[in-house]
Amino acid sequence: MVFKRFMQALGVGGPSVETVLANPNARPGGYLEGQVHITGGDHATDIEYVSLGLVTRVEVESGDSEYDTTQEFHRSRLTGAFRLEPGQRHDIPFRFDVPWETPITHVYNQYLHGMTMGLRTELEVARAVDKGDLDQVAIFPLPAQERILDALQQLGFRFTRADVERGRIYGVEQTLPFYQEIEFYPPPQYASGINQLELTFVATARHLQVVLEIDKRGGLFTEGHDAFGRFTVDWATADQTNWVAQLDNWLRQSAQRRGLFF
């Protein structure tokens, strides 16, 4: 599958840019490959640089309000300065690394509602930067992430939506200024104590950190609050774990430490 995008850097008569991805699908810690094709316009043009940036939509809390913003979180400069003659074709092959903490957008070929991810080509000509439009990309889970998601499904949890929130999680090794939350409705056996479950993956080259947030149901005389659990998964042993039993145990331990039972 190929995504193409054209943009004008100098208005009418300026160069055009076409970004072609060999495959728009990737995994955290992997890469995207393709080429940027630049064609000269009606006159010679001095290009300052061509770069690629991975962007996503991030939810920001500010005081009592919330708003969404598009944030670039990884960038790669493909070229330095060069001169483009009228009508000249300049092809730039690239291999763009995808950070380990990149949020996932698809599971089992199904889009996670609420997610946006794109690769943006940036061209600077005569100090004017044209960011153009986004080429949509799909980020699929790593095998260990996929096993955990599959186990939640086997336990009866139902996916509702996902989003990316600006901020950091206490006690977690995190490099990006945001984290993803994947939200689930609980099955009947957990519903007496949980409104919803929020799952966060924070991956590194060494291991996978898993954060579970339980939204507690408030009782007649008590106020509901969130309960957290943090666990680290070794990549080498992830496929040897019974994740259905492990997650059930984690959920019950996290809940019981905060007075919840189901």
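**Exercise 1. Locate asparagine 109 in this predicted model, and decide whether asparagine 109 counts as buried or exposed.**

Solution. Start with the chain segment: asparagine 109 sits in the loop between β8 and β9. Next, take the backbone: its phi is positive, about 65°, although asparagine 109 is not a glycine. Last, take the accessibility. The cut-off for exposed is over 50% relative accessible area. Asparagine 109 has 64% relative accessibility, so it counts as exposed.

**Exercise 2. Which phi does tyrosine 108 have, and what is its relative accessible area?**

Solution. Tyrosine 108 also belongs to the loop between β8 (106-107) and β9 (110-111). Its phi is positive, about 50°, and tyrosine 108 is not a glycine either. For accessibility, partly exposed covers the range between under 20% and over 50%. With a relative accessible area of 39%, tyrosine 108 is partly exposed.

**Exercise 3. Which strands pair with β4, and over how many bridges?**

Solution. Go through the partners in turn.

- Strand β6 (residues 82-84) pairs with β4 in the antiparallel sense over 3 bridges. Here aspartate 46 stands opposite arginine 83.
- Strand β10 (residues 117-125) is an antiparallel partner of β4 over 9 bridges. Glycine 53 faces arginine 120 of β10.
- Strand β5 (residues 65-77) runs antiparallel to β4 and is joined to it by 12 bridges. Glutamate 61 stands opposite glutamate 66 in β5.

The link to β5 is a hairpin with 2 residues between the strands, and glycine 63 in this turn has a positive phi of about 65°.

**Exercise 4. Why is β4 described as largely enclosed by the rest of the structure?**

Solution. Strand β4 spans residues 45-62. Of its 18 residues, 13 are buried, so the strand is largely enclosed by the rest of the structure.

**Exercise 5. In what order do the strands of the open sheet with β1, β3 and β7 stand, and which of them are at the edges?**

Solution. The order is β1-β3-β7, with antiparallel pairing. β1 (16-21) and β7 (89-97) each have a single partner strand, so one side of each lacks a neighbour in the sheet, and these two stand at the edges. On average, neighbouring strands of this sheet are turned by 20° against each other, direction ignored. Between β3 (residues 31-39) and β7 there are 9 bridges; tyrosine 31 has aspartate 97 in β7 as its bridge partner.

**Exercise 6. Which residues touch the most other members of the largest nonpolar core?**

Solution. The largest nonpolar core has 59 residues, and Ile38, Leu119, Ile148, Leu199 and Leu212 touch the most other members. Another core lies apart from it, with 5 residues including Ile169, Val172, Tyr179 and Val211.

Key
Residues are numbered from 1 along each chain as its sequence is written. This is a predicted model: local features need pLDDT of at least 70, side-chain atom pairs count only at pLDDT 80 or more; totals for chains, interfaces and linings use all residues. Side-chain values use heavy atoms; hydrogens and water are left out. Two strands pair if DSSP finds at least two bridges between them. Helices (H or I, at least four residues) and strands (E, at least two) are DSSP runs, numbered from the N terminus. Axes are lines fitted to C-alpha atoms, for helices over the stretch in contact, and angles run from 0 to 180 degrees between N-to-C directions. Buried means under 20% relative accessible area, exposed over 50%, partly exposed in between (1.4 Å probe, protein chains only). A nonpolar core is a set of buried Ala, Val, Leu, Ile, Met, Phe, Trp, Tyr and Cys residues joined through side-chain atoms within 4.5 Å.
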